[in-house]
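User: Please take a close look at a single part of this structure and describe how that part sits among its surroundings. Keep the answer connected rather than a list.

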Amino acid sequence: MNEQVKLPRLRLGVYPTPFYKLENISAKYGRNIWIKRDDLCGVALGGNKVRKLEYLLADARAQGCDTVFTTGGAQSNHAMLTAACAARLGMKCILILKQRGVTERLGNLILDDIYGAQVRFMDTDSYDDIYNEMRRMGEELAKEGRKAYAIPVGGSTPLGAVGYTECVREIAGQAAEGPASIRHLVSATGSGGTTAGLLLGAKLYLPGVKVTGMGVDDDPFEDIVPGLAAGAAELMGQSLDRTPDDFQMVYHVGQGYAIPNAEDTPSIEELARTEGILLDPVYTGKAWAGMLKLLREGYFGNEGDIVFVHTGGAAALFAMELG
Ligand SMILES: Cc1ncc(COP(=O)(O)O)c(C=O)c1O
């Protein structure tokens, strides 16, 4: 199967994103490591959320919504990319962000403002509080004849995960043109939708490839990811036929979500200084450093190429120090 998904999709990013071998890193580590540059997807500073938003905002449009709500931490990349995509579609964007992390006007909060999003902080640790507030605000908007669409944290719904299957479809096509012999896909896991899409996408387009999610927070992704992947499969009219070795979660959280890890800094600097590629200290830096640790420990065995899916996040570099 290599045809595209049939569900409604808006074209918001510039795809396919580049896919190539990291020559300097591969030579240094004695293993072929490729990169999928979803940080270069053509919206804002790029990032994984755009693939999800192409489906989620198509659904919002189909339902006649003119306003989109979403949430995340104060420096949420997902919130910023939702603001960017909503602006492009002429939709109003309301971000109700947890008052956690860097709340000064730095990094993504500057971009949220440039994209014209309305930003509100809530002093809570519970997304349920925020979803309740979205419902309340949605009812207020309805009285004015407006219609709101609420996207949960990270855009990690089955429909959002469908978007990430597209990434693997692209990789399969790009790998078929070159010498890549892919055995592993590795990416950061923050709310699960990206990894779920990679898992389902691997089943559909790169069978036999193992997906490793690198957890950057402590949620139980062993269950969340296959659950989202199964939901996405259903939407696509497919089934998720799992094998024992098709997916593994590894956690590289350090002191906590969005707290940069000092031990990752040399790896972040190494990629910048050998390949010119920026990683962020919250998601991709942890995923990349975690992947290199696994490589040193022999997790990837001796055979087959590894693909690192670069999911964006660069705005954090302008909001916080590396660890
Ligand atoms: C840069 C970046 N990488 C990875 C992720 C993780 O993706 P997901 O939330 O789909 O697990 C996020 C989520 O916000 C992100 O912003």
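Analyst: Helices here are DSSP runs of H or I with at least four residues, numbered from the N terminus. The model is predicted. The part chosen is helix 8, residues 221–235. With 15 residues at 1.5 Å a residue, helix 8 should span 21 Å, and this agrees with its end C-alpha atoms, which are 21 Å apart.

The buried residues of helix 8 are Phe221, Val225, Leu228, Ala229, Ala232 and Ala233. Viewed down the helix axis, these buried residues fall within an arc of 140°, so they line one face of helix 8. An α-helix has 3.6 residues a turn, so residues three or four places apart point the same way. Asp223 and Glu234 are exposed and sit on the face turned away from the buried side. After helix 8 comes Gly237, with a positive phi near 70°.

The buried residues of helix 8 pack against helix 6 (158–176), helix 7 (193–205), strand 7 (182–189), strand 8 (210–215) and strand 9 (247–251). Of these partners, strand 7 can be followed further. It is largely enclosed by the rest of the structure, because 7 of its 8 residues are buried. Strand 7 pairs with strand 10 (residues 305–310) in the parallel sense over 4 bridges, and His184 stands opposite Ile306 of strand 10. Strand 7 also runs parallel to strand 8, to which 6 bridges join it; Val186 has Thr212 of strand 8 as its bridge partner. From strand 7 the chain passes through helix 7 to strand 8, a right-handed β-α-β crossover. Strand 7, helix 7 and strand 8 are thus each among the elements that the buried residues of helix 8 pack against.

Key: Residues are numbered from 1 along each chain as its sequence is written. This is a predicted model: local features need pLDDT of at least 70, side-chain atom pairs count only at pLDDT 80 or more; totals for chains, interfaces and linings use all residues. Helices (H or I, at least four residues) and strands (E, at least two) are DSSP runs, numbered from the N terminus. The expected span of a helix is 1.5 Å times one less than its number of residues. A residue is buried if 20 or more other C-beta atoms lie within 10 Å of its own, exposed if 12 or fewer, and partly exposed in between; C-beta atoms are placed from the backbone. The arc is that of the directions from the helix axis to the C-beta atoms. Two residues are in contact if their C-beta atoms, placed from the backbone, lie within 7 Å. Two strands pair if DSSP finds at least two bridges between them. A crossover is right-handed if, with the strands pointing away from the viewer, the path from the first strand over the helix to the second runs clockwise.
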